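Open the model in your viewer and keep the selection box handy. This tour moves from the whole chain to single residues.

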Amino acid sequence: MKSKRKTGFILLCILPTLVIFAMFIVYPVTQVFYKSLFSSSGFGSSDQFVGITNFIELFSDDVFIQSIKNTGFLMLVVPVITLLLSLIFASMLSFGQLKEKHLYRTIFFFPSILSFVVIGILWAFIYHPNMGIVNEIMKVMGLDQYALTWLGNPDTVLWAIAIVMVWQAVGYYMVMYLAGMDSIPKELYEAASIDGANAIQQFVKITIPMLWEIIRITIIFSINGVLNISFVLVIVMTSGGPNNSSQVALTYMYQQGFVNANFGYAMAIAVVVFIVAIILAFISNKLTEREAL
């Protein structure tokens, strides 16, 4: 009897959370899958059931294929560079003898509290071909031939956006690694030093293994973060140009749904992105799985 009361009390406590989760997560997701099977403008009664036709057209759509390639490039490049730099900076601030380490923590973390729209506008001016600071520095250094239209060149636009995403996220993950490094017992490093291990060996043999669970989480966060952040930055900085060279999956979905009024097709893109995100999260979790130390 006491056990049943306890179970009932727990269910009563989590009921509001379950209701909110069902309203704002489960119901919208099921509607996305359902609407992807219709030809719809998104304005009511003109919906027509077309089955998997949207998905068949999707994989013969050159712009969609290009957007998936661009998204894949960012999901491959940005997390690797971001997490590597975050680890290096966190290690320098945690174990280095820097007097201004608290100032550096604030400076590195500052981009993480800025709005993505503000960041996109800021970097659009930094990359500006005529008054941007990047080209001005190139000209001062006598490298005029490398002063490019960074966001207007198909060869450089994705790298330019990737740099912005790395700049925005490095401080955020660095703080997470710093918290983990502060919890590692100093005796481990003292024992390793006595055994003759240098700083790099201590980093590889002690710091990385002890931080591994945090690193696993940040890999998944970073991959999923690329999907969301790339949408805002591409919309603000390039609108997918030039000639779809910076188009990513979510901007193409937005364009189809809210510019071309092709809502069913946009929902089909959303379904593919949702499935890809789940698969990547599962794969990254499995690849980094190891026994706890």
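Buried here means under 20% relative accessible area. By that cut-off, buried residues make up 37% of the 293 residues in the protein chain. Keep in mind that this is a predicted model.

**Stop 1: the whole chain**

Show the cartoon. The protein chain has twelve helices and two strands. Trace the elements along the sequence and you read α-β-β-α-α-α-α-α-α-α-α-α-α-α. Now turn the C-alpha trace about its principal axes. The span is about 80 × 75 × 30 Å.

Switch on the surface. The accessible surface is about 17300 Å², and carbon and sulfur atoms account for 70% of that. Colour by charge next. You will find 15 positive and 15 negative side chains. The centres of these two sets are 15 Å apart.

How much of the contact map joins residues at least 24 apart? Counting contacts between residues at least 6 apart in sequence, the share is 68%.

**Stop 2: helix α1**

Select residues 2-35, which form helix α1, and pick out Val29. Is Val29 buried or partly exposed? Its relative accessible area is 28%, so Val29 counts as partly exposed. Draw a distance from the C-alpha atom of Val29 to that of Phe221. The two residues are 192 apart along the chain, and the distance reads 20 Å.

**Stop 3: helix α3**

Go to residues 62-95, helix α3, and select Ser67. Ser67 has a relative accessible area of 0%, so it is buried. Show its side chain. A polar atom there lies 2.6 Å from the backbone oxygen of Phe64.

Which residues does Ser67 touch, beyond those up to four places away in sequence? They are Gln247, Val248, Ala249 and Tyr252. Keep Val248 on screen for a later stop.

**Stop 4: helix α6 and the loop after it**

Select Val134, Asn135 and Met138. These residues of α6 are buried. They sit on the same side of α6, because they cover an arc of only 90 degrees around the axis. The helix repeat helps here: an α-helix has 3.6 residues a turn, so residues three or four places apart point the same way. Add residues 116-126 to the view. This is α5, part of what covers the buried residues of α6.

Step past the end of the helix to Gly142. This glycine follows α6 and has a positive phi, near 75 degrees.

Continue to Thr156, in the loop between α6 (133-140) and α7 (157-182). Is Thr156 buried or exposed? At 13% relative accessibility it falls under the cut-off, so Thr156 counts as buried. Show its contacts, leaving aside neighbours within four places in sequence. Leu148, Thr149 and Trp150 appear.

**Stop 5: helix α10**

Finish at residues 212-237, helix α10, and select Val234. With a relative accessible area of 0%, Val234 is buried. What is Val234 in contact with, once neighbours within four places in sequence are set aside? The set is Ile161, Ser239, Gly240, Ser246, Val248 and Thr251.

Take Ile161 from that set. It is 73 residues from Val234 along the chain, and their C-alpha atoms are 7.6 Å apart. Then select Val248 again. Val248 is in contact with Val234, and Ser67 touches Val248 too. Show Ser67, Val234 and Val248 together to end the tour.

Key
Residues numbered from 1 in each chain as written. Heavy atoms only, no water. Helix = DSSP H or I, 4+ residues; strand = E, 2+ residues; numbered from the N terminus. Buried < 20%, exposed > 50% of the residue type's maximum accessible area, 1.4 Å probe, protein only. Contact = heavy atoms within 4.5 Å. Polar contact = N/O pair within 3.5 Å; in protein donor to acceptor, adjacent residues only side chain to side chain. Areas by Shrake-Rupley, 256 points an atom, 1.4 Å probe, with all protein chains shown as cover. Lys, Arg positive; Asp, Glu negative; His and termini not counted. Charge placed at Lys NZ, Arg CZ, Asp CG, Glu CD. Arc of directions from axis to C-beta.
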